[in-house]
Amino acid sequence: MRAHWFMDWFVRFTLCAGFMLIVIVAGLRWVLHREPLPPAWWQAAPAFAALAAFFATMLRRVPLPDVAATVDRLGGTHDRSLTALAFTGKPTPFQQLAADECRAFLARKNLPRLIPIRMPGAIRYLIFPVITLALLHWESRIAAGERQRAAEAAQKQVSPTANQLEQLAKEIEKSLDPAKDEELKKLAEQLRKSAEQLRAQENGADEAAKNALRELSNLQQLVQQMQKPPENVSPEEMKQLAEALAKNEATKPAADAMQAGDLAKAAQELEDAAKQPTKEEAEKALREALERLSKQRELSQAMRQLAKQLQQNAGEGASNEALQKLAQMLKKMGQQKGNSGKPGQQPSAEQLKQLMSALENMKFGEPQDSPGGEPKASGDGKGQLTIQSFSKPNPDGSSPDGTQIPSGQPGSERDTGTTETPFGKTAGETANKQTDASLKGRLNEGESLSQLLPTAGDTSKSSRRYKEIYEAMAPSAEEAVVQENIPLGSRFLIKRYFESIRPKE
Amino acid sequence: MTEAPALHARVQQFKSTFQRIRDEMGRLIVGQQEIVEGVLVAFFAGGHVLLEGVPGLGKTMLVRTLAEAVDLTFSRVQFTPDLMPADIIGTSIIMENERGQKAVSFQPGPVFANILLADEINRATPKTQSALLEAMQENHVTVGGVQHPIQQPFLVLATQNPLEMEGTYPLPEAQLDRFIFKLKVRFPSAEELHTILDRTTASAPPMIAKVLHSSHEVIALREVVREVPLTREVQTHAIDLVMSTHPEGKQSAPLAKKYVRYGASPRGAQALILAAKIHALLDDRYHVSRADIDKAAVAALRHRIIMNFEGEAEGRTSDEVIAEILRQTS
């Protein structure tokens with residue numbers, strides 16, 4: 001009878017454990033979005049459920065008096081089992097006599113045959129958790145297969161890009177001295193890291209393509225940052241400055257040193273020139289050189305201040321002081337170069353532009369010239385890097401076909417429009433007075449072009465209202481947002497920009 | 001262990017005595033085995049029996065036969081509306097002794113017998129009926145401030161006619177509770193009636209042999225009955241039965257909730273246990289089982305359950321309530 005009860009409760013607890021397993025597996029599968037359980041877990045789960053049910057059954061053992069009462073009820077023994085159990089070891093003679101009589105009676109009775117041990121009827125309900133668990137397992141395997149196929153498709157999608165990135169990284173590492181070219185080394189590591197991240201994609205081809213674009217955009221941003229010269233002085237500016245200094249005999253050695261890229265020597269030469277008595281002609285030449293440089297659009301603030309100081313102190317013997325300041329600036333630039341690598345051997349702008357072009361080609365998936373589908377990159381010596389671009393960009397960094405390729409970073413694109421000014425090509429006198437300024441974007445990323453239109457008095461009144469201009473240009477702007485190949489993450493920022501400039505009602 | 005054979009002998013003696021008395025009564029009482037056995041169970045349990053049946057069913061014959069079989073004193077009182085308590089329990093009278101001196105002397109009534117037949121007890125006034133209360137429960141009567149014990153064994157067998165209810169005084173609940181059993185005497189079947197006629201009209205009635213010769217034997221047999229052990233679970237079963245008769249109890253049966261006004265008293269549980277012990281001995285067992293309790297349930301509880309107006313109006317009986325309780329607890 002106890003075995004019968006044991007089986008009964010064991011089946012019940014197994015049922016409970018089965019349903020708990022269903023809840024756990026369903027929770028793992030649907031709520032937590034976990035991976036499907038390993039096959040070993042599926043085999044261990046029923047065993048664990050059975051074990052838990054066994055222990056639960058053991059803890060819920062039926063007391064012997066209940067067993068005896070049930071035996072008496074089913075066996076028609078007139079409570080002899082119960083009495084025998086209750087009166088065993090009792091002191092009174094009548095109780096002892098009753099217990100003996102009960103035991104003798106029960107010994108004659110074939111109770112096991114009377115109450116056969118059968119499997120409880122509830123065992124048929126075990127089929128429900130078993131089938132449910134099997135279905136969940138089957139569904140998990142299907143989902144895992146789909147996930148694997150998606151990962152394979154993603155790998156197939158990003159594998160060429162990752163290979164190209166790795167090839168670029170190899171070429172950069174092979175061509176440069178890693179001990180000295182820290183920035184290039186960092187760039188190579190970044191390329192390799194991006195390739196690894198791309199290879200880790202498993203969320204489907206579309207998502208992988210998006211991630212590849214993001215990685216390429218990040219690399220573009222990194223290269224752009226490397227292209228920026230220290231102290232905001234571009235190589236062109238340095239070239240102009242050297243040409244201006246070369247016109248004067250006193251500063252010609254410094255100009256030669258600057259053209260050679262040795263900024264430290266140029267600074268030394270300028271200091272020597274500053275110690276010599278300044279001639280009127282040399283002072284004039286230096287002033288003209290700095291004034292011409294100040295008109296350059298990307299001239300640094302320091303340069304402008306220097307030119308302004310020379311203008312204010314013209315004829316007062318301040319050129320020596322200006323030369324000293326210029327020498328200090330060049331020293332500082334030389335030190336910054338020295339920090340980034342060997343002086344005069346910083347990665348050239350051409351190299352970085354070629355790298356940028358290669359990244360853009362990878363980004364837009366243009367046809368590749370190399371048969372292996374990888375960009376050709378070869379180093380012809382230490383410190384030299386030549387990367388053959390798939391679509392060679394213009395010298396100013398723009399794309400060859402004249403379109404501005406979006407980088408995928410918010411605020412990094414700028415639309416120059418089809419006309420030079422909002423008023424068309426016929427700008428009046430105000431066009432001559434306009435000045436260009438490079439302003440920081442909203443997110444501190446990239447640059448935007450703004451035009452300052454001085455409209456003093458009635459001399460330059462606008463002929464059209466701003467609202468009319470906005471309404472006239474808004475459709476084309478929206479059309480451009482829709483039709484242009486703009487990363488999804490940037491569309492929101494562009495729309496928000498147009499919302500911000502909308503005229504107030 | 002040395003006491004076991006003696007105990008076993010006592011039990012066997014009880015069983016044989018019971019069966020012999022039953023057989024002797026069966027020689028005169030045709031059929032009515034349940035009534036005979038019920039009366040004997042009540043006799044050995046030390047309780048009193050209320051017999052209910054139409055006149056002429058042999059109730060008085062049954063009691064008289066029992067008294068002859070056990071060789072005990074027997075008295076019969078025909079209850080009538082003008083019956084007074086003193087007519088039952090006795091009275092004190094002034095008597096003159098041999099020396100001519102007068103003294104108050106107690107003259108015991110018919111209650112001072114081992115077996116008292118209170119015939120048609122519901123025809124006496126409540127005052128007279130209550131005269132039996134003290135005797136039935138305390139086994140003594142008080143007359144003139146003096147208690148007079150009644151010799152043991154003392155068995156009251158009361159009868160009442162369920163048909164002629166006009167001019168009767170139904171027994172109060174307090175007195176009904178003092179009867180261990182209420183037995184309903186059924187009308188005999190045609191076959192049994194043939195036998196009754198053959199025995200009573202064709203030849204002289206058979207002689208009843210005396211099985212017990214003294215009241216001490218009866219008392220000894222009663223002690224054997226009370227020694228029969230029962231487990232806690234069986235006792236719980238008896239309590240559950242009694243509790244189920246109460247309409248306001250948690251274990252009450254649906255019929256009890258609907259048709260019962262008052263349930264059985266603790267005396268009902270006592271009656272169940274005592275009767276069950278005798279049933280166990282008669283079944284060659286030394287312990288009480290739930291079946292023994294169930295067997296005594298109807299006779300022991302039917303007169304302790306008071307039906308409400310709805311139950312009376314719908315003709316429900318306490319037997320139906322008990323039957324449902326037994327089905328519920330089995």
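User: I'd like to learn how to read this structure. What share of the contacts in chain B with a separation of 6 or more comes from residues 24 or more positions apart?

Analyst: Good place to start! The idea is to compare position along the chain with contact in space. In chain B, 75% of the contacts with a separation of 6 or more join residues 24 or more positions apart. Keep in mind that this is a predicted model. For chain A, the corresponding figure is 67%.

User: How many helices and strands does each chain have?

Analyst: Here we simply count the elements along each chain. Chain B contains 14 helices and 11 strands, while chain A contains 19 helices and four strands.

User: And what percentage of each chain counts as buried?

Analyst: A residue is called buried when 20 or more other C-beta atoms lie within 10 Å of its own. By that count, 45% of the 330 residues of chain B are buried. In chain A, which has 505 residues, the share is 27%.

User: Now the place where the chains touch. How many residues does each chain bring to the contact?

Analyst: For a contact between chains, look at both sides. Chain A brings 17 residues, and chain B brings 17 residues. On the chain B side, the elements giving two or more residues are α1 (3-28), α9 (232-244) and α12 (290-301).

User: Which element gives the most to that side of chain B?

Analyst: That is α1(B), with four residues. You can also sort the side of chain B that touches chain A by residue type: seven are nonpolar, six are charged and four are polar.

Technical notes. Residues numbered from 1 in each chain as written. Chains lettered and ligands numbered in written order. Predicted model: local features only at pLDDT ≥ 70, side-chain atom pairs only at ≥ 80, totals over all residues. Contact = placed C-beta atoms within 7 Å. Nonpolar A, V, L, I, M, F, W, Y, C, P; charged D, E, K, R; others polar. Buried ≥ 20, exposed ≤ 12 C-beta atoms within 10 Å, placed from the backbone.
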